[in-house]
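Colleague: I am new to this structure and should be grateful for a close look at one part of it. Please choose a single helix and describe how it sits in its surroundings.

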Amino acid sequence: MFEQIPVDIGLVHEGERVRKNDMQVELGGPAEPEKCEIVLVRPVDAITDGDISIVGPDIGSMEEGKHYPLGILVEIAGAKVEQDLEGVIERRIHEYSNYIEGFMHLNQRYDIWIRLSKKSFKKGLNSFKYIGQVMLELFRNELPILEKIQITFITDPEKLKLLYREALERYESRDARARGLLDRDVDVFYGCALCQSFAPTHICVITPQRYANCGAISWFDGRAAAGIDPKGPIYEIVKDECLDEEKGEYTGVNESAKKRSMGEINRVYLYSAFGYPHTSCGCFEGIAFYIPEADGFGIVLRGFRDITVNGLAFSTMADSTAGGRQVDGFHGISIEYMRSARFLHADGGYERVVWMPAETRERLKDFIPPSVYPAIATEKDVKTIPELKSFLINLNHPVVQKWKSDETAARATADRTAVLSAGDIPITAGGYRIILKNAKITAEKVIILPVRAPPPGGGEHRGAQKK
Amino acid sequence: MVNALSRKGVNLSIKELDSDIARFRDISISIGAIRQDTWHEPMGPTPFPTLSTLRNWDHALLKRYKPFYLPFCDLCCLCTYGKCDLTGQKRGACGITMAAQQSRIVLLTACIGAATHTGHARELLTSLIDRFGSDLPINVGDVGVEVEAPITRLVCGIRPQTLGDLEPVLDYCENQITQLLSVTHTGQEGSNIDFESKVFHAGMIDHVGMEVADIAQISALGFPKAEPESPLADLGLGTVDVKKPVILVIGHNVTPSAGIIDYLRAEGIQSEVEVTGICCTALDITRYSSRAKVIGPISWQLRYIRSGVPDVIVIDEQCVRTDTLLEAAKVRSPLIATSEKNCLGLPDRTDDTVDDIVRGFVEESIPGALILDPEKVGEVAVRTARLIAPKRKKQGADISKEELGRLAKKCTQCMLCRRACPNDLPLAQAIKAAAGGHLSLLDELYDDCVGCGRCESACTQKLPVHSLIIAAADQKTRTESYCIRTGRGPIQDTEIRKVGGPIVLGEIPGIVAFVGCANYPKGSREVAEMCREFAKRRYIVCTSGCSAMSAGMHRDEYGRTVYEQFSGAFEAGGIVNVGSCVSNAHIAGAAIKIASIFAKRPLRGNYEEIADYVYNRVGAVGVAWGAMSQKAAAIAAGFWRLGIPVVVGPHGTKYRRMLLGRSDKTEDWYVYDARSGGKVYAGPVPEHLFFAAETKEDAMVMVAKLTMRPNDTSKGRANKLANYIDLHKRLVGGIPPDVHLFVRSPADIPLTMKDDVTLYLKDHDWKEQPIPDPTLLPRLIHKKRV
């Protein structure tokens, strides 16, 4: 396959790093103001299949140890090739480049940073034509829907300027399209059954406004994958009839869930943590957890290494969320879904979110309505549920209005079973003697929880990970 | 036994109770139920399994992986009928066959291993409870670890929350080991497969014992708690300040060594004495104190003691050279034995005063003492080291180069040394060259030598052959300076969650654990090389025990050890050192947690279902490249029962049998598809359960192959195949001849190898196969809901 390429091509080279001292040349990177890579869809007759051209100096004529500008333009065409797939296909450039021995590719779009090692250069990797040949071969093999592929490497700064300008515009228009695409605008969603190899009853439904739980697969990725391999683990779900726009229930999604989960799951609400919430396997990025006392949601991401406001840690709640089950109020989510306008839409969206770690709140600042943002408590503001409640009242969080209109919620919080009723027994403390006569203490169940004191051992790593 | 932790209906009445704060009269307290906590998980089918409870599962595995015997000894000499010759079709006086006898010895071996870990766990737990109380909470990873004791939950069906909760777990282990050991009595069991099933049982018990030991010490002694970036510790004698008094600890039970650290801390003299270790005690003492240093694996005992650097030698249990007293005497270092299991004939001085014992040592009136009190050991060792160091002046037993030449000339070339060498090193030739002034041949043996010293016993001229090698290698031991990541303990639940995506998306090809002893065919270098290669290929690499040290004893072209080159997290390309031998439980634990984390399979007393899950879905492989001990055999057996294959080095054949699958027998490789209920050919994955590789190259190709599982997504399989094919091409040559057995659909073919593989498939009459939702258990077939 790669007999004509002077270096090895394979997965094994993916993690390779080329250090400065071992570098023949650097292409793009922080020292070059203008660099880019882009995939553009062209009309079938506008490009020549298999054409690789180099505009400007080739690698062989570059000075050792120096950096140069670079633009990589991959033009593609085919009956089933849509502009929506450009971004997905573009990411393959990174992947394929890194299969090449001694050719390190970092970042994407206008940020690319490539280094070629001296070793590989000495083996004969001295021209972009080899890089182009590798990409061409891999594109053809992996993506047979590409009927024509033409690749251009531009190192001439003047020529690069033109491509760079066009690329920036296209990135922007692509992003705008991705941001603006609504679930109601499309006819198909995508299902992902990859995780069924570990969680046999779970499937993810991927829509423009709901990323896969793992955060790795967007609707565009789903579209590309299903287009390339319709029998594969990522498949098309025709939306069909919309049963509930607010909750996000569609007959097509229900049917697909029923079939793929072997009847375990019959209905799915895409935008709610209650009723028939979307299931999770185990690799969700975060959890939205219902806090009954506040009638709102806490959000916690996988990386948060402390207990949350309800006294439970991520790992403890994750245990209630996973395994392809529908559990009311414990909802596995991706970070990208939290940037969606449909995030927990049926439950009130961010107006229902009452707690999240400070770092997460900051990260999502642009997606949280400014009116709610300051009223969402963080671990820095509150540690317990009572503290949370007073915080919400003080900052007039939208849920507080809901409490007033929904008295029962408030009652539920007060209605705690007392283990020991002290009504008949005088409570005295501090130097006084307590005398109990004919007292009877009855409990249906006593839960004994160990007091978590720091271990008395002399080791140095005690609690060191809690930062 | 289950009820020991969830009592029902407690009634308590008190007629009179007077205390400082209150007086009570006629109180009656009645409580409906006391539960240890709020564990809602219902009890599974097999809590506290006995010898035959999981027999069906074992037999299902053993049907695929039939024992392939490599009799290390053709005779049985366990009873007075014997010796019985079992060759050919002969039976022994009791009627036993060769096959059953071999499996019987394997069971004996596994029992020794399980007993050793469980005994270690018991001693440790008893002393920790004495010190910290039985209510000390178990905490092995704060909020990052929800499932604190996956193996105990799985096997016993209990969730231990305090040190005291671990006691009934060990009661169970001890009971089972006794039952298992009794099976090896003459006339107890006649079927080799039933012996093997019991080997699996012993292995499972061994894992429970290991888990108890490690979670107890992590919780009580403040070891790193599931920290991905636990600190790096010094490794090698070159990191030791030899001007200071030096204490050497050898063995596996950290208690006496912790006593030494405690005493140094209490006296505020930590910086004045070097505490160095060999074998697992060394690993565990670095988890306790950042100042402690690891010298090297078990094979470093002779070379380190003979260097004369250690002023006091403290031994505890397991894998301690039994001639340590003799070696210690050669360099005038007093020896302190600290374990009832390992007294070495020394007088018991436990009840004597510290002053008396120290005086005896310093005046050299006694060569060693047995002290069964860790606190006393700490004080005696430190005080003796400080007093004796100036007197000893690090006098070693190693020899100079001049002496080497002189001694080498005495060699008669009888070749007995080479015959005695487990690795058949060309000793006589090298000594001959040394006699002629050429040291390079002898020098080259340094890295390959496993330090057993058998050459010296064999030598008719009484030459210190081992020391000759060290001398020729310029006393290399003295300058070795590396690092090792201190044992982190368990894998965090969140780390497991994070790798779920990359595994199904084909970014992580599998999990490879390098564990076990240092009986390597070609030195420790090969372990380091394998670790580096698999981490580079973005496998998750785990290490433990002596292998963890060996992995750190080599540097790459930039001067980095693998612990500096790769992260310590459980992620693609991470090198995760879990810790000592008993920390191996966390590797099995991680596999078990995968089932609970992704599929929410209940763990509680649910062994068979979880093992079926791990076997069919978790692409993990263990490599015990220098497996030597009975403990290593038991650890391997625990992995087999979970369905995790183990690859050993060439010495592993001496464990008497392999468990090999037959990829040519198509009928062996059907699984149930839990979705359809049908039987589906899933290919020979994993092909073997226990395999001895001749060379490092064979091992690496086999490891890549054994990470494949029937549930692999196409992306996952493509990545696994890419590594398997690439390693085969590089290390053996050409496309592996069985590659067609592992491709189920065109999407399984690695992208960069599409042409070659497609061509190969065409030549091998390949047909597309479905990817099942695999299980060996018909009861797990999904019942369709209407």
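Modeller: The account below follows one helix of chain A, then turns to the domains and a sheet of that chain, and ends with chain B.

Please bear in mind that this is a predicted model. The helix chosen is H9 of chain A, which runs over residues 385–394. Which of its residues are buried? They are A:Leu388, A:Lys389, A:Phe391 and A:Leu392. These buried residues cover an arc of only 165° around the axis, which puts them on the same side of H9(A). The other side of H9(A) carries exposed residues, namely A:Pro386, A:Ser390 and A:Asn394.

What does the buried side meet? The buried residues of H9(A) pack against two elements of chain A: strand S17, at residues 353–355, and helix H10, at residues 398–405. Just after H9(A) comes A:Asn396, which takes a positive phi of about 50°.

For the wider setting, the domain assignment divides chain A into three parts. Domain 1 covers 11–179 and domain 2 covers 184–279, while domain 3 is made of two segments, 285–321 and 348–414. The C-alpha centres of domain 2 of chain A and domain 3 of chain A are 27 Å apart.

Elsewhere in chain A, four strands form an open sheet with mixed pairing, in the order S4-S1-S7-S6. Its edges are strand S4 (67–68) and strand S6 (103–106) of chain A; each has a single partner strand, so one side of each is left without a neighbour in the sheet. The partner of S4(A) is strand S1 of chain A, residues 23–28, and the two pair in the parallel sense over two bridges. Within this pairing, A:Leu27 has A:Tyr68 of S4(A) as its bridge partner.

Chain B may be described more briefly. It contains 27 helices and 23 strands. Its radius of gyration is 27 Å, close to the 28 Å that the globule rule gives for 786 residues, so chain B is as compact as a globular protein of that length. Along the principal axes, the C-alpha trace of chain B spans about 90 × 85 × 60 Å. Of the 786 residues of chain B, 60% count as buried. Among the contacts in chain B between residues at least 6 apart in sequence, 77% join residues at least 24 apart.

To return to the helix itself, H9(A) has A:Phe391 among its buried residues, whereas A:Ser390 is exposed on the other side.

Conventions
Residues numbered from 1 in each chain as written. Chains lettered and ligands numbered in written order. Predicted model: local features only at pLDDT ≥ 70, side-chain atom pairs only at ≥ 80, totals over all residues. Rg over C-alpha atoms; globule rule 2.2 N^0.38 Å. Buried ≥ 20, exposed ≤ 12 C-beta atoms within 10 Å, placed from the backbone. Contact = placed C-beta atoms within 7 Å. Pairing = 2+ DSSP bridges. Domains from an automatic or database assignment. Arc of directions from axis to C-beta.
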